Amino acid sequence: MSELTGPYTYSSALGDNQCLAGTFRADLETGKISWSDDMFQLHGYRRGEVVPTLELLYSHKHPEDRPRCEEIVAQVVRTGGYFCMYHRIIDAQGRTRRVLTSGDAIEMGGKVTALEGVMVDLTSTLQRETEQTARDAVIGATSTRTVIDQARGILMGQLGMGSEDAFQMLVSTSSHRNVKLVVVAAELVQLANAAGSRQYLDAAVKAIETDGRGTAAPRKRAV
């Protein structure tokens with residue numbers, strides 16, 4: 001049998017960067033296991049350094065994941081069908097990789113004779129997406145604070161009140177309307193920035209003042 005080749009892969013998180021994935025075949029009648037070059041790489045080896053065996057494969061499973069992986073493979077060997085497992089492996093250098101292993105049983109005469117499948121390294125994809133989520137959260141939080149600060153400034157100018165009182169009015173309006181604070185703030189900022197909307201801005205400020213009455217300290221009026 002010719003050497004296995006790796007699959008074509010793509011990760012939206014990695015773009016043009018490599019998404020490591022390897023293919024494998026286990027002949028249950030002969031006990032021979034074949035790996036593509038990338039399967040060796042995933043486990044921290046180069047072709048020729050080790051002979052793939054089922055025990056070698058299982059020895060690289062994370063101790064917490066190995067029992068369940070063995071159960072699933074045993075079930076497929078008995079009954080046939082497909083399998084898909086998201087789990088961890090520890091390569092020969094001690095690095096932990098998060099991988100997705102999927103495959104199916106090859107049957108002849110109603111008997112499972114081989115398993116074929118693919119193992120995809122998701123470590124870099126998950127790391128990149130986690131980092132992007134964290135960056136988006138920081139950007140979102142900064143944007144939210146900016147909008148709320150702008151709305152607070154509008155109320156301070158319109159109603160002649162302090163910063164904390166203006167903020168409490170926004171909070172009270174958010175609670176009264178059962179909408180997020182940033183939504184209340186964004187609506188007020190939008191009205192303030194829109195041409196010819198002075199009448200609507202005044203009405204919005206008045207509504208917020210009414211919703212917040214009793215939560216903010218009385219403001220001082222000019223004599």
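Let me begin with W35. Leaving aside residues up to four places away in sequence, W35 touches L4, T23, F24, F40, H43, R47, P52, L56 and L57. Please keep in mind that this is a predicted model.

W35 also has a place in the wider packing. The largest nonpolar core holds 23 residues, and W35, M39, L115 and M119 are those with the most contacts inside it. Several elements give two or more residues to this core. On the strand side they are β1 (21-27), β2 (33-35), β3 (82-90), β4 (96-108) and β5 (111-121). The helices concerned are α1 (37-42), α2 (54-59) and α3 (66-79). There is also a second, separate core, made of 19 residues, with A151, I154, M169 and V189 among them.

I turn now to β5. Is this strand enclosed or open to the outside? Nine of its 11 residues are buried, so β5 is largely enclosed by the rest of the structure.

What, then, are the pairing partners of β5? One of them is β1, which pairs with β5 in the antiparallel sense over seven bridges. Within the model, D27 stands opposite A114 of β5. Another partner is β4, which runs antiparallel to β5 and is joined to it by 10 bridges. Here V99 stands opposite D121 of β5.

Finally, the turn. β4 and β5 form a hairpin with two residues between the strands. In this hairpin, G109 takes a positive phi near 65 degrees.

To close, I would return to two points: W35 is among the residues with the most contacts inside the largest nonpolar core, and β5 is largely enclosed, with nine of its 11 residues buried. Thank you.

Definitions and conventions
Residues numbered from 1 in each chain as written. Predicted model: local features only at pLDDT ≥ 70, side-chain atom pairs only at ≥ 80, totals over all residues. Heavy atoms only, no water. Core = buried A, V, L, I, M, F, W, Y, C linked by side-chain atoms within 4.5 Å. Buried < 20%, exposed > 50% of the residue type's maximum accessible area, 1.4 Å probe, protein only. Helix = DSSP H or I, 4+ residues; strand = E, 2+ residues; numbered from the N terminus. Contact = heavy atoms within 4.5 Å. Pairing = 2+ DSSP bridges.
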